[in-house]
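Good morning, colleagues. Please look at the sequence and the model on the screen while I go through the side-chain links, the cores and one hairpin.

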Amino acid sequence: QVQPVESGGGSVQAGGSLRLSCAISGSTMRPMCMGWFRQAPGQEREAVATNRAATSSTTDFVDFRKGRRFTISRDNVKNEVYLQMVDLNPEDTAMYYCAADPSPDPCINPTRLRFTYWGQGTQVTVSS
């Protein structure tokens, strides 16, 4: 069973940085698409950034409504994906989820329903 496992969340002050990591456990499958979503209390789960295995140096999707503060990267050898977040503000407070799919398609137009595998989430809390 493919299971994404997130780590790296925590509490920071506004202006701080965090780096989230996601590793695939339970399988040697290398998902073609991996990405990050986030969900704040009472809000929908929204896509943050995605990356396809075939283009590990290319970001397929980044929600630039968040500004250019989030960077996704991927290590295909380790089968891991990362989210570097800088200049965090309280509006970034949310549970951050790693998602994976054997198809590359969800990376282009990421929605919650298009991803097959989900992690349990890691909490990011930003205080002012």
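I begin with the vocabulary of secondary structure: helices (H or I, at least four residues) and strands (E, at least two) are DSSP runs, numbered from the N terminus. Two strands pair if DSSP finds at least two bridges between them. As to provenance, this is a predicted model, in which local features need pLDDT of at least 70 and side-chain atom pairs count only at pLDDT 80 or more, while totals for chains, interfaces and linings use all residues. Residues are numbered from 1 along each chain as its sequence is written, and side-chain values use heavy atoms, with hydrogens and water left out.

Let me take the hairpin of β7 and β8. There are 4 residues between its strands, and Asn79 adopts a positive phi near 60°. The strands β7 and β8 run antiparallel and are joined by 6 bridges. Ile72, for instance, has Leu83 of β8 as its bridge partner. Strand β7 also has two distinct faces: Phe70, Ile72 and Arg74 form the covered one, whereas Thr71, Ser73 and Asp75 form the uncovered one.

I turn now to burial and the cores. Buried means under 20% relative accessible area, exposed means over 50%, and partly exposed lies in between, with a 1.4 Å probe and protein chains only. A nonpolar core is a set of buried Ala, Val, Leu, Ile, Met, Phe, Trp, Tyr and Cys residues joined through side-chain atoms within 4.5 Å. In soluble globular proteins, nonpolar side chains tend to be buried together.

Which residues have the most contacts inside the largest nonpolar core? They are Trp36, Leu83, Met85 and Tyr96, in a core of 24 residues. At least two residues of this core come from each of β3 (18–25), β4, β5 (46–52), β7, β8, β9 and β11 (122–127). A second, separate core has 8 residues, including Phe37, Ala99, Cys107 and Trp118.

Tyr96 merits a closer look. Beyond its neighbours within four places in sequence, Tyr96 is in contact (heavy atoms within 4.5 Å) with several residues, among them Glu6, Leu20, Phe37, Arg38, Leu83, Met85 and Val124.

The next topic is the disulfides, each a pair of cysteine sulfur atoms within 2.5 Å. The structure holds 2 of them. In one, Cys22 and Cys98 have their sulfur atoms 2.0 Å apart. Cys22 belongs to strand β3 and Cys98 to strand β9, so this disulfide ties together parts that are 76 residues apart in sequence. The link of Cys22 and Cys98 is left-handed, with -80° about the S-S bond, and both cysteines are buried.

The other disulfide joins Cys33 to Cys107, with an S to S distance of 2.2 Å. This pair also links distant parts of the chain: Cys33 is in strand β4 and Cys107 in the loop between β9 and β10 (117–118), 74 residues apart. Why is the disulfide of Cys33 and Cys107 right-handed? Because the torsion about its S-S bond is about 105°. Cys33 has a relative accessibility of 0%, and Cys107 is likewise at 0%. With the bonded cysteines numbered in sequence order, the pairing is 1-3, 2-4.

Finally, the charged side chains. A salt bridge is a side-chain nitrogen of Lys or Arg within 4 Å of a carboxyl oxygen of Asp or Glu. How many salt bridges does a search of the whole structure find? It finds 3.

Glu46 meets Arg38 at 2.8 Å, N to O. Glu46 is partly exposed at 26% relative accessible area, whereas Arg38 is buried at 9%. Arg38 also meets Asp92 in a salt bridge, at 2.9 Å. That pair connects strand β4 (residues 33–39), where Arg38 lies, with the loop between β8 (80–85) and β9 (94–101), where Asp92 lies, 54 residues apart. Asp92 is buried, with 1% relative accessibility.

Asp92 in turn forms a salt bridge with Arg69, at 2.8 Å. Arg69 sits in the loop between β6 (61–62) and β7 (70–75), 23 residues apart from Asp92. Arg69 counts as buried at 14% relative accessibility. Arg38, Glu46, Arg69 and Asp92 are thus linked in a network of salt bridges.
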